[in-house]
Amino acid sequence: MTSELPSIPSGIPEPGLYIVATPIGNLADITLRAIAVLGGCAVVACEDTRVTGKLLKHLGIKARLQRLDDHAPPEVRARLIDMARGAPVALVSDAGTPLISDPGYRLVREAREAGVNVVTIPGACAAIAGLAMSGLPSDRFLFAGFLPVKDKAREDVLSGLAGVGGTLVFYETAPRLERSLRAIAALWPAREVAVARELTKLHEECRSGSAAKLADHYAAHPPKGEIVLLVGPPAAEDQPVADPDALLRAALTEASPSKAAARVTKATGLDRQTLYARAVELKGQ
C-alpha cells in the first residue's frame with residue numbers, strides 16, 4: 001500500500017526535529033505520516049513517558065523515550081538538538097498538537113536557532129476541533145490557553161479580552177468549568193458560549209447557550225474529561241471605540257500628519273480632514 005502512496009514516507013526520516021500531533025482521544029485519528037515518522041525516529045521527546053508509551057505500544061512502535069516537560073533542564077534540550085543534527089527526533093505531547101498549551105516551544109526555538117531542520121506533522125488539535133463543531137464564528141478567533149485558577153486573575157484576563165472581535169477559545173478543566181462560566185456570565189451575559197468536551201471520545205458533546213444557562217447545567221451535571229470553552233464575539237455595538245488620539249500618536253511615529261490621518265480614517269471611518277487637523281496639533285506638541 002505504501003508504494004501506491006508516494007506522499008507517505010517510508011524508511012527512516014531525514015535528520016531533524018519532527019513536531020508530531022497525536023490523537024486527542026480516538027486513537028484512529030493518528031495520521032499515516034505520524035506513524036511513519038514515529039516509527040523511524042531515534043528518540044521521542046514527550047511530556048509523560050507512560051502516556052506516550054501506551055500510544056506507541058498500540059501502534060506497534062518501539063522507540064526510546066525522553067521526558068520533556070516545563071521543568072526539563074536546558075541540557076536535556078541541548079542533548080535532543082545535538083541528536084537531531086544527525087538523526088530524526090520526534091516531539092509529541094500527551095495528546096493533540098505539541099506546543100498548544102503544552103511544553104516544547106523552547107526546544108523548537110532553540111533547534112531553529114541552531115540550524116536544525118524543524119518539520120511539522122499536523123493532526124488533531126482540541127482547540128480547532130472544538131471551534132469547528134461549536135457553530136460559533138470561526139473566520140476570526142483567539143486561542144488564549146487555560147484561564148487562571150484564581151477568581152481575580154480570571155476576571156482580569158477575561159476583561160482584557162473584552163474587545164477582541166472574534167471567538168475566544170480556552171482550555172478548561174472539569175472542576176473549574178462552572179466558576180469560569182459564572183465569571184463569563186457576569187461580564188458578558190448576552191454572548192453565546194459553547195462547551196465542547198470529551199472530543200473524539202465515546203461521550204463527546206458540545207453544548208451552547210448563555211454562560212449562565214451552561215453554568216447551571218454543569219452545576220447539576222458535573223462534567224468530566226478535557227474541555228474546550230468558547231465564547232462568541234461581542235456584538236458590533238458592544239465593541240469598544242478606539243481612541244483616535246492614541247491611533248494618531250502611534251501613526252505619527254512613522255508617518256506625516258497627512259498619512260497618519262489617512263491611516264486612522266481607514267481604521268475608524270472618522271472624517272479625514274478633522275483627523276488631519278488633530279494630527280498637526282499632536283505633531284506640534
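Here are a few notes to help you find your way around this predicted model.

1. A good place to start is strand S4 (88–91). Both of its faces are covered: Pro88 and Ala90 are buried on one side, and Val89 and Leu91 are buried on the other. In a regular strand the side chains alternate between the two faces of the sheet. The residues named for S4 follow that pattern, with Pro88 and Ala90 on one side and Val89 and Leu91 on the other.

2. Next, look at what pairs with S4. Strand S1 (16–20) runs parallel to S4 and is joined to it by four bridges. Within this pairing, glycine 16 has proline 88 as its bridge partner. Strand S2 (43–46) also pairs with S4 in the parallel sense, over three bridges. Here alanine 45 has leucine 91 of S4 as its bridge partner.

3. Helix H1 spans residues 32–40, and Ala34, Val37, Leu38 and Gly40 in it are buried. An α-helix has 3.6 residues a turn, so residues three or four places apart point the same way. What covers the buried residues of H1? The cover includes strands S1, S2, S4 and S5 (118–121), together with helix H2 (49–59).

4. Further along the chain you will meet an open sheet of five strands, ordered S6-S7-S10-S8-S9, with mixed pairing. Its edges are S6 (141–146) and S9 (205–210), each of which pairs on one side only. From one strand to the next, the twist averages 20°. Helix H5 (residues 126–134) packs on this sheet, where it touches S6, S7 (167–172), S8, S9 and S10. The direction of H5 makes about 50° with that of S10.

5. For a closer look inside that sheet, try S8 (residues 192–197) and S10 (residues 227–231), which run antiparallel and are joined by five bridges. Valine 195 stands opposite leucine 229 in S10.

6. Two loop residues deserve a glance for their backbone. Leucine 99 is not a glycine, yet it has a positive phi of about 80°. You will find leucine 99 in the loop between S4 and helix H4 (105–113). Is leucine 99 buried, exposed or partly exposed? Leucine 99 counts as partly exposed because its relative accessible area is 28%, and buried would mean under 20%.

7. Threonine 200 is the other residue to visit: its phi is positive, about 70°, although it is not a glycine. Threonine 200 lies in the loop between S8 and S9. With a relative accessible area of 23%, threonine 200 is partly exposed.

Definitions and conventions. Residues numbered from 1 in each chain as written. Heavy atoms only, no water. Buried < 20%, exposed > 50% of the residue type's maximum accessible area, 1.4 Å probe, protein only. Contact = heavy atoms within 4.5 Å. Pairing = 2+ DSSP bridges. Axes fitted to C-alpha atoms, helices over the stretch in contact; angles between N-to-C directions.
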